[in-house]
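Reader: I am still learning to read structures like this one. Please choose one kind of side-chain pairing and go through it slowly, with its surroundings, so that I can follow each step.

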Amino acid sequence: MGSSSSNLNTIPNSQELMQETGFSAAHLLRLYERFEFLDKDNKGHLRPEDFEAVQELSTNPIGDIIIGSFFSPGQETVDFPSFVRILAHFRPAEKNRTRDGAQPEPANSSTGKLKFAFQLYDRDRDGKISREELLQVLRAMLEMQVTEEQLESMAERAIQEADLDEDDAISFDEFKKSLEKVNIDHKMSIHFMK
Amino acid sequence: MENLWCVAAVVFQLWMFVVVFLITLPAMFGLSLGVTGVYIQILVKLLEWATVRIQRGQQEQPGVPVPLPTGIIERAEVSMEEEMWELRRSRPIPAKEFALSDVMYFYKKGLESIVDDQVTQRFSSEELASWNLLTRTNQNFQYISLRLTIIWGLGVFVRYCILFPLRITLAIIGLSWLVIGTTLVGFLPESRGKNWLSELVHLTCYRICARGLSATIHYHNKENRPQKGGICVANHTTPIDVVILANDGCYAMVGQIHGGLMGVLQRSMVRTCPHVWFERSEMKDRHAVTSRLRDHVAAKTKLPILIFPEGTCINNTSVMMFKKGSFEIGGTIYPVTIKYDPRFGDAFWNSSKYNMVSYLLRMMTSWAIVVNVWYLPPMTRQDDEDAAQFANRVKSAIAHQGGLLDLAWDGGLKRGKVKDSLKEEQQKMYSSIIVGQNGINPSETNNHATDDQSAFF
């Protein structure tokens, strides 16, 4: 990483962040260094252009959609706590965690991850994936490789399969049901080095 | 007062005596008094002791973040096809269909690259697995023990007060000898004697400079050394690569004419030896560059050209895309791998962080530079491959020899936008998995654009 050593004191609210997201001190420090690296002009927050500078992200077919998921609707900047909270969704889930009912669902549980994946499709956050939203994602992943008709038939098939209450859109519960056999924790986890 | 001047004069004379007779002259003849060898061995023992000590200390202090030489996340090297198959394994419908869960694969890859990407990793200095007692590589290494700190302090003293003045003196001697020597030889008429003399001047100067960096160079496979009329390509880590290679043979350098000290050196060098220097404006003209280099190679008596096809300095953990321009000239390619040992000093020139002068100062205050140079067997372009494929073949050979990672990314784009063709490749791959042959076939897109301005360096 190549930067000078910083310690936890330079990160504001580090203790709360660690509590909330479950990242260890060492990981938080690494993520802070990465945040500072992406923030080339030292603004203290990140804009879409800072993400676009990552070469590997620009070659990802849904790169723009991923960048969009970091910014809440209407917002143009993301600060470090928000950055970390979003990455927290991709922490491997802890096994055998007992929690009482009052605690909010942790971001990196299976449900938390599913919710996050759902939001990738449901861009306007209305709780349902409409046909048009599904088409947008499909279009991004395939672009020139298939015809428009093929895209539409794919979207049609996916909706027919998942849409149980026949409202021509996929709600979160239907989404969850459709993916119940997928090992979410394995597919949507990033393994941070110890 | 008089006495002080006398003492100073004596010290100075002693100093110059040591430098000239014990270092410079042996260097010129390629001999070594063995002092550097002993020094390196002592250093190795010291660093091994320090490593053990630090590891012990880290176990006692669990809160300290551990250094991570390969990046902060662990990536599973699974292909897209395998991932998609996995995602569908439990589903009743056939595999070749879009599934809602497909997006997770791309999402995960995308976030992995946000957290840690392969390209930027290559443009910062390699993170060491253990501290090598240089302040500059001290990342998150905290106070471990008194003895370690004392050794570190001693190291600082030795490096800055003893080695550094020595090295500066040697560098000055070496460079001035280059300028004077080449100017003198330049007055001679063209003859075999002149070539021999010019090679001698160049060799001795580079050897002195190498001593000026406390460089220990191990050459392997010397039978594959580049011959006249060939092109030598190597991976690029630092401008010092030139000194390292030129210690063992004479090359014709290629590059831009600079102003200032570099310009003086370049102009004097070209008096005796046919180096190929370009004006800045000429560099943009690909055809002019190619034709000049072609002429040079065609004259089989001229020295081999030295080219670094990556075009920029990489941090010696990987090899990035080779620009195909050098591989279009023709002639025999002699690949060379250069691998620096990072324990003794960080040789990578991060041009965005340090300018040339501060970089050289850092080099002269490291422990030493230990380098392995492998000469690979010569390669020529086969009939059925184009320049880009040939470039990739040479790149793989170089990466394989040095144990470096073979990356397809273009180092020159570290500050620019990536070509859309790479994104299209991903989309093509995905579509072939879920659609198979039913997808439309767009016309073949050339991955390496032919109107690439900077095709050489």
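Author: K43(A) has a relative accessibility of 30%, so the residue counts as partly exposed, a class that lies between buried (under 20% relative accessible area) and exposed (over 50%), with a 1.4 Å probe and the protein chains only. This is a predicted model, in which local features need pLDDT of at least 70 and side-chain atom pairs count only at pLDDT 80 or more, while totals for chains, interfaces and linings use all residues. Residues are numbered from 1 along each chain as its sequence is written, chains are lettered from A and ligands numbered from 1 in the order in which they are written, and side-chain values use heavy atoms, with hydrogens and water left out.

The partner of K43(A) is D41(A), and their side chains meet in a salt bridge at 3.8 Å from N to O; the term stands for a side-chain nitrogen of Lys or Arg within 4 Å of a carboxyl oxygen of Asp or Glu. D41(A) counts as exposed because its relative accessibility is 57%. Over all chains, a search of the whole structure finds 20 salt bridges.

Chain B offers further examples, and one of them joins the side chains of E199(B) and K228(B) at 4.0 Å, N to O. E199(B) belongs to helix α7 of chain B, whereas K228(B) sits in the loop between β2 (215–220) and β3 (231–234), so this pair ties together parts that are 29 residues apart in sequence. Helices here are DSSP runs of H or I with at least four residues, strands are runs of E with at least two, and both are numbered from the N terminus. E199(B) is partly exposed, with a relative accessible area of 28%, and K228(B), at 45% relative accessibility, counts as partly exposed too.

Another salt bridge links the side chains of K222(B) and D248(B), with 3.5 Å from N to O. K222(B) lies in the loop between β2 and β3 of chain B and D248(B) in the loop between α8 (240–246) and β4 (252–256), so parts that are 26 residues apart in sequence are tied together by the pair. The relative accessible area of K222(B) is 40%, which makes the residue partly exposed, but D248(B), at 10%, counts as buried.

Returning to chain A, salt bridges that share partners join D39(A), D41(A), K43(A) and D50(A) into one network. The chain that holds this network has 11 helices and 3 strands, and its elements, taken from the N terminus, run α-α-α-α-α-α-α-β-α-α-β-α-α-β. Of the 194 residues in chain A, 48% are buried, and the C-alpha atoms fill a box of roughly 55 × 45 × 30 Å along the principal axes.

For a setting apart from these pairs, consider S101(B), which is placed in the loop between α3 (80–88) and α4 (102–115) of chain B. With a relative accessible area of 1%, S101(B) is buried, and its C-alpha atom is 8.8 Å from that of M84(B), although the two residues are 17 apart along the chain.

Helix α1 of chain B, residues 2–28, shows both kinds of surroundings: V19(B), I23(B), T24(B), P26(B) and A27(B) are buried there, while F17(B), which is found in this helix, counts as partly exposed at 46% relative accessibility. The helix has 27 residues and reaches 37 Å from its first C-alpha to its last.

Notes:
Expected span 1.5 Å × (residues − 1).
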